[in-house]
Amino acid sequence: MKMKNQLQMFAAIPTSKPDGLMVKLDRPIDRERPCCNNVCIIGAGKGPHAGELHCADCGQHRGWLSQTSAQWIESVVMRFGAPTTPIVVRKCHTYEEEAPPTNTDP
């Protein structure tokens, strides 16, 4: 009986992997060419990708989850638990540092 209680205790520990979580895609391509409801399930990643995105309705491949996005999702799940509604995934923005304007006027 004691062993069963220990197994239940470890089964209750939340996993930080995003596999199986649902995400709502809100990228420009998803607005131009939506697939069903644009809700996907995160599957296992391949190669450099942390996860694969499959349409929750029809199963079609919709894209890949980056390592950075997966790490963020994992940190949120570890802190707050698995979300009950899909996480919204938008286009990633990379901002380059701009050089300050040079003013040649005295």
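These legends walk you through four close-up views of a predicted model.

**View 1. Glutamate 52, a buried charged residue without a salt bridge.**
Start by finding strand β3, which covers residues 51-55 and holds glutamate 52. Which side chain of opposite charge is nearest to glutamate 52? That is lysine 46, 4.0 Å away, and glutamate 52 has no salt bridge. Its side chain does have a polar contact, at 2.8 Å, with the side chain of histidine 61. Look around glutamate 52 and you will meet other residues that it touches, including Ile41, Gly43, Ala44 and Gly63.

**View 2. The hairpin of β3 and β4.**
Here strand β3 pairs with strand β4, residues 61-65, in the antiparallel sense. How many bridges join the pair? There are four. Glutamate 52 appears again in this view, standing opposite tryptophan 64 of β4, and tryptophan 64 is also among the residues that glutamate 52 touches. Five residues lie between the two strands, and in this hairpin glycine 59 takes a positive phi near 85°.

**View 3. Aspartate 30 in helix α2.**
Helix α2 spans residues 28-32, and aspartate 30 sits within that stretch. Is aspartate 30 buried or exposed? It is buried, because its relative accessibility is 2% and the cut-off for buried is under 20%. The side chain of aspartate 30 makes a polar contact of 2.6 Å with the side chain of arginine 27. Farther along the sequence, beyond four places away, aspartate 30 touches Leu25, Asn38 and Arg62.

**View 4. The largest nonpolar core, with valine 39.**
In soluble globular proteins, nonpolar side chains tend to be buried together. The largest nonpolar core in this model has 13 residues, and those touching the most other members are Val23, Leu25, Ile42, Leu53 and Ile73. Four elements, β1 (22-26), β2 (39-44), α3 (67-80) and β5 (87-90), each give two or more residues to this core. The largest share, three residues, comes from α3. Follow leucine 53 outward and you will find contacts with Val23, Leu25 and Ile42, as well as with others including Cys40, Trp64 and Leu65.

Now turn to valine 39 in strand β2. Valine 39 counts as buried because its relative accessible area is 16%, and the limit is under 20%. Where does proline 86 lie relative to valine 39? The two are 47 residues apart in sequence, yet their C-alpha atoms are 7.4 Å apart in space. Proline 86 is one of the residues that valine 39 touches, along with others such as Met22, Lys24 and His54.

Terms used
Residues are numbered from 1 along each chain as its sequence is written. This is a predicted model: local features need pLDDT of at least 70, side-chain atom pairs count only at pLDDT 80 or more; totals for chains, interfaces and linings use all residues. Side-chain values use heavy atoms; hydrogens and water are left out. Buried means under 20% relative accessible area, exposed over 50%, partly exposed in between (1.4 Å probe, protein chains only). Lys and Arg count as positive and Asp and Glu as negative; His and the chain ends are not counted. A polar contact is a pair of N or O atoms within 3.5 Å; within protein, one must be able to donate a hydrogen and the other to accept it, and residues adjacent in sequence count only if both atoms are side-chain atoms. Contact means heavy atoms within 4.5 Å. Two strands pair if DSSP finds at least two bridges between them. A nonpolar core is a set of buried Ala, Val, Leu, Ile, Met, Phe, Trp, Tyr and Cys residues joined through side-chain atoms within 4.5 Å.
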